[in-house]
Amino acid sequence: MYCKRPFDHIYTDLKGNYRLCCHTPQNPNPLKKYTTSNHLPFDVMFSSEMENIRNDMMAGKEPDCCKGCTFFEPGNQTEVGNLNIKLTQFGNTCNLGCIMCEPGVSSYKQSENKKIGIGIKNNFDITFFDSIPVENNDVLNNLLNNIKYIGSFTIKGGEPFLLKSHYTFLDKIPFKDAANIDLIYYTNLTIDIDPILKKYSYFKSIRLNVSIDHFGKKLEYIRYPIDSKVLESNLKKYSDYIIGINCTVSICNIDSLQQIKDYYGIDNFAVTPVEMPATLSIKNLLNKDKLIEKYKNSKLYGIESILKELTKPANNLQLEMGIKYLEKLDAYRKNDYSKLFTFK
């Protein structure tokens, strides 16, 4: 199997762990000894571990950490170059508390869950923050010192447009280098970004991947406290910058994927199964055979990962826990999931 990620990708998660990409698990992780606190990005890129992975890819061997991945793609890249740096270490400040979001990547969710008394193991060890130090930051300086090799920065959060320190970092990139760099944001697109687009127009491009998981009242439940009308207005306003919609698939929207795509009318629509909390996983639904039949011939990008999740053994206890989780959120938020969703 071949994937270009080991050749063109440097990825860190919010905890500062290096991984091949966002799809690879924490364990097994061939880069597990590398963190942003003790290793620089380009040192990791040219490490023996990464060289072994690249050699395996070229030989058609699938690394253990990639087994079962549905995002392999054809290609024959043999040299590192035009790197995409995926920065997830600027913080997790966010203005939404999406039901399927883990607290580690949303300050809103982390704060709310603590107030409600909802705990998800191993996620509260990440303190939410607005920024990380940029001045004299070895990792960021390493990127700046190798800026000529970088073709794009993918900025994630939290909500990346709320992460103040990432602007400080962008300001340090020389104009002549910025002209060759694409800025790619994974955003909920709920805020006015006109000033940002204007200020950083000297970059090669600014592109938006928008996270959307439904429409109307169902969207407002899933991505609480989003205003669906504001989102739809911004989708039109910033349409020239949008390159795709990303839909996280849970028990709340599995039956509506094609309708969601059609509603927004954007061809580049990608689906991926929910990871946290696992209690909202589609694998736990009782009507999985009908869903598999429904989507087996679908052309949606990423549908293979959805079908794979549906074939996993159901866990009735997890489903019960997922519903209790929604009930706890409802009691705090004054909502009622049963008016919008039916889980079978």
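A cavity is a set of grid points where a 1.4 Å probe fits but cannot get out. By that criterion, a search of the whole structure, which is a predicted model, finds one cavity of 30 Å³ or more. The chain averages a pLDDT of 86, and 88% of its residues score at least 70. The points below cover confidence, the cavity, aromatic rings, helix H6 and two loop residues.

**Confidence**

- Among the elements of the chain, helix H9 (residues 216-222) has the highest mean pLDDT, at 98.
- The lowest mean pLDDT among the elements, 80, belongs to helix H1 (residues 5-8).
- Over residues 121-125 the pLDDT stays under 50; the model has 13 contacts for this stretch beyond four places in sequence.
- Where pLDDT is low, the predicted coordinates should not be read in detail.

**The cavity**

- The largest cavity holds about 60 Å³ of space.
- Its lining includes the aromatic residues Tyr11 and Tyr18, along with His9, Ile10, Arg19 and Leu20.
- Leu31, Pro41, Val44, Met45 and Met50 also line the largest cavity.
- Strand S1 (9-12), strand S2 (18-19) and helix H2 (41-45) each supply at least two residues of this lining.

**Aromatic rings**

- The whole structure contains 15 aromatic pairs.
- One of these pairs is formed by Phe153 and Phe169, which meet edge-to-face with 5.4 Å centre to centre and 90° between the planes.
- This pair links distant parts of the chain, since Phe153 is in strand S4 (residues 150-155) and Phe169 is in helix H6 (residues 164-171), 16 residues apart.
- Phe153 has a relative accessible area of 0%, so it counts as buried.
- Phe169 is likewise buried, because its relative accessible area is 0%.
- Tyr263 and Tyr264 form another edge-to-face pair, with 5.0 Å centre to centre and 80° between the planes.
- Within that pair, Tyr263 is partly exposed at a relative accessible area of 41%, whereas Tyr264 is buried at 13%.
- Tyr167, Phe175, Tyr200, Tyr202 and Phe203 are joined into a cluster by ring pairs.
- A charge also meets a ring: the charged end of Lys156 sits over the ring of Tyr186, 5.1 Å from its centre.

**Helix H6**

- The buried residues of H6 are Ser165, His166, Tyr167, Phe169 and Leu170.
- Tyr167 also belongs to the ring cluster, and Phe169 to the pair with Phe153.
- The buried residues of H6 pack against three strands, namely S3 (83-87), S4 and S5 (182-187).
- They also pack against helix H5 (138-145) and helix H8 (194-199).

**Two loop residues**

- Ser250 lies in the loop between strand S7 (242-249) and helix H11 (257-264).
- The relative accessibility of Ser250 is 1%, under the 20% limit, and therefore Ser250 counts as buried.
- Leaving aside residues up to four places away in sequence, Ser250 touches Val274, Leu280 and Ile282.
- Thr279 is placed in the loop between strand S8 (269-273) and helix H12 (288-295).
- Thr279 is buried as well, because its relative accessible area of 12% is under 20%.
- With residues up to four places away again left out, Thr279 touches Asn284, Gln318, Leu319, Met321 and Gly322.

Definitions and conventions:
Residues are numbered from 1 along each chain as its sequence is written. This is a predicted model: local features need pLDDT of at least 70, side-chain atom pairs count only at pLDDT 80 or more; totals for chains, interfaces and linings use all residues. Side-chain values use heavy atoms; hydrogens and water are left out. Helices (H or I, at least four residues) and strands (E, at least two) are DSSP runs, numbered from the N terminus. Buried means under 20% relative accessible area, exposed over 50%, partly exposed in between (1.4 Å probe, protein chains only). Contact means heavy atoms within 4.5 Å. Rings of Phe, Tyr and Trp (its six-membered ring) pair if their centres lie within 6.5 Å; planes under 30 degrees apart count as stacked, over 60 as edge-to-face and the rest as tilted. A charge sits over a ring if NZ of Lys or CZ of Arg is within 6 Å of the ring centre and within 35 degrees of the ring normal. pLDDT is the predictor's confidence in each residue, from 0 to 100. On a 1 Å grid over the protein atoms alone, a cavity is a set of points where a 1.4 Å probe fits but cannot get out, and a pocket is an open set with protein on both sides within 12 Å along at least five of seven lines; lining residues have an atom within 4 Å of a point. Grid points are joined across faces, edges and corners, and a volume is the space filled by probe spheres set on the points.
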